[in-house]
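Biologist: Please show me the model, and then we can go through its inside step by step.

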Amino acid sequence: MKLMCELMEDVEMLIEKDEHDKKEYFIKGVFLQAEQKNRNGRVYPLSTMQKEVDRYSKQYIDTNRAFGELGHPDGPTINLERVSHMVKELKQDGPNFVGKAKIMETPYGKIVKNLIDEGAKLGVSSRGMGSLKTLGGSQVVQDDFHLATAGDIVAAVSYTHLRAHETPEHLVWR
């Protein structure tokens, strides 16, 4: 199985007030996409993505365990010390899966809040494991795909900022 990371940059930063007039921070937008070849040449079949989002929603979102990290770790495991947010929603909209994540009061969550307050442009990047099959010039993600997190919070990544072991095909650009 291969670690797959997919970047989505078109997300909104939201600041809402709770019932005590305290600021709550969220990030919302397309977290996952299916049925479209992305810049790294991968295609996620809709049926594979639907099945995996359904499993992830039941096991993680519905049980308040759908965490994401600030930055992108090297593997599929969530490191609780780096958690910055919790995914609260992940709903299908055609071939897209729109998510909403609440920024938490963790050390890394506080960094994200400060970045939002300063006007930073952030994105989300999903992590998952699965196998690929080459079909017609595309790498088609197979049915063994396992979503590890619907979205880590990342800065807009450029190829000049890749980690030493990464190559451009590790990333997807919309």
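**Cavity and core**

Modeller: E3 gives the most to the lining of the largest cavity, with three residues. Strands (E, at least two residues) and helices (H or I, at least four) are DSSP runs, numbered from the N terminus. This is a predicted model, where local features need pLDDT of at least 70, side-chain atom pairs count only at pLDDT 80 or more, and totals for chains, interfaces and linings use all residues. Residues are numbered from 1 along each chain as its sequence is written, and side-chain values use heavy atoms, leaving out hydrogens and water.

Biologist: How much space lies in the largest cavity?

Modeller: A cavity is a set of points on a 1 Å grid over the protein atoms alone where a 1.4 Å probe fits but cannot get out; lining residues have an atom within 4 Å of a point. The volume is the space filled by probe spheres set on the points, which are joined across faces, edges and corners. For the largest cavity this is about 70 Å³.

Biologist: Which of the lining residues are the closest to the centre of the largest cavity?

Modeller: The lining has 11 residues, and E1 and E3 each supply at least two of them. The closest to the centre are Glu 6, Met 8, Gln 33, Asn 38 and Tyr 44.

Biologist: Which element gives the most to the largest nonpolar core?

Modeller: Such a core is a set of buried Ala, Val, Leu, Ile, Met, Phe, Trp, Tyr and Cys residues joined through side-chain atoms within 4.5 Å; buried means under 20% relative accessible area (1.4 Å probe, protein chains only). Of its 30 residues, those touching the most other members include Ile 27, Phe 31 and Leu 32. Among the elements that give two or more residues are helix H1 (46-61) and strand E3 (23-33). With five residues, the one that gives the most is E3.

Technical notes: Buried means under 20% relative accessible area, exposed over 50%, partly exposed in between (1.4 Å probe, protein chains only). On a 1 Å grid over the protein atoms alone, a cavity is a set of points where a 1.4 Å probe fits but cannot get out, and a pocket is an open set with protein on both sides within 12 Å along at least five of seven lines; lining residues have an atom within 4 Å of a point.
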